[in-house]
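Here is a short, friendly tour of one strand and its partners. Please have the sequence and the model open as you read.

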Amino acid sequence: METTQFDYEVQEDLMITERAYIDEGASPEELASTDEVVLMAESTGEERYGVAISAGNLRSGPTVSYPEVHSFVAGARLTIITPGNTRTRVRMGSRTGWISNSRLERIEFHGRAISAGNLRSGPTASHSETHSFPNGAYARVVSVNGTRSFVRMGSRTGWMSNSRLAFIERPGRATSAGTLRNGPTASHAEIASFANGAAVRSLGINGRSFVRLGTRLGWMSTSRLALGSVIPTIPTINRINQALGRGADERQVTAITRIVIHHSANPTNGTHLNTAAFENTWRNLASMGAPNARGGYHEVVLSNGNMEINMQDRRRTWGAAGQNDHTWHICLTGQHANGINNISQTQLNSLANRIATAMRRFGWTSANVDRIVRHRDLPGQATACNDVNVANVRNAVRALLG
Ligand SMILES: [Zn+2]
């Protein structure tokens, strides 16, 4: 999709300067939220994030007659304090100075939450919380005001504490051959070419994506770029070669249309604390096909948030009666039903992480989170499994998928 001009009628002055922030490939929803970003960012007077696109020096004042105070490399991250006609006053780490505008571009950096928290409606703790996010949530970082940054998380926008935010470079691959340019428009000079499939690392986006291609830094069309995962890895125990029913029937992974959340229904100090304990029960249950019982869950979230991986996606398990041809199953150890809830936030974070990871494998996107359901939500199930807040899980997964 071409960069849109649909906002011009409403916000002409604003959009002329800010339309470069709109992704070339953005969906209508994203475009709406981009508009919101622009309006909020402009109205609160905070500093924009930017990047040095070539190496140079900061000067102590806005002309070349001022002394050089700090040298920087291409790709150096900065915040824009005072824009000027030829030079801009910026902060780089703990230093401030003036950079030539020819070396500077505004950019939305890729970021990731390093702990769970909340977005707020404004840049202070007195502003209301509008959205909670899990550890690992992906954010596009637009601007900063003191100790908080204005970010986009999926379709949402808000302010998050800088103490929870890490800037990242997202690994990516070119989806078609193209050229790297020395600035974010088609009129900037071509500095390198790349092949379809070329590996890049994306620092951020300003209409086009600012990327490392080998040792070079430059801009490529965002429409030619597929970004890789930013979902954090959590500890897993691989039980694929020992799980009950590991040789169970196969189905096509493309047949999967639902991810199903279970709980193990342990009130306290229960016996179903890991998959081996489940299997001791299953192997003797006629309803599980004893004596040739299959496993029930592809993955299990242990009480400490670590994972047991039991079954490959292609295995058809016995997770939900009559529904197993098209379902993928994940179980929380603990109980969330009948007025009891001993499942921890750490477990729920792991649940969202592993569901998002599975969705990536299935080729699903954040638009598919409605395919995440609880066991009891499937047709024809007589079970209390379970009372997990599925809307919260979907939001957390959406945040992880970015
Ligand atoms: Zn269940």
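## Strand 11 and its neighbours

In the hairpin formed by strand 11 and strand 12, two residues sit between the strands, and Gly146 there has a positive phi near 65°. Strands, like helices, are DSSP runs numbered from the N terminus (E, at least two residues, for strands; H or I, at least four, for helices).

This is a predicted model, in which local features need pLDDT of at least 70, side-chain atom pairs count only at pLDDT 80 or more, and totals for chains, interfaces and linings use all residues. Residues are numbered from 1 along each chain as its sequence is written.

Strand 11 covers residues 138-145, and seven of its eight residues are buried. Buried here means 20 or more other C-beta atoms within 10 Å of the residue's own, against 12 or fewer for exposed and in between for partly exposed, with C-beta atoms placed from the backbone.

Which strands pair with strand 11? The table lists three partners; two strands count as paired if DSSP finds at least two bridges between them.

| Partner of strand 11 | Sense | Bridges | One bridge pair |
|---|---|---|---|
| Strand 1 (residues 47-52) | antiparallel | two bridges | Glu47 and Val144 |
| Strand 8 (residues 108-113) | antiparallel | four bridges | His110 and Arg140 |
| Strand 12 (residues 148-153) | antiparallel | five bridges | Val151 and Val141 |

How confident is the predictor? The protein chain averages a pLDDT of 84, and 87% of the residues score at least 70; pLDDT is the predictor's confidence in each residue, from 0 to 100. Over residues 1-44, the pLDDT is below 50. Where pLDDT is low, the predicted coordinates should not be read in detail.

Technical notes
Contact = placed C-beta atoms within 7 Å.
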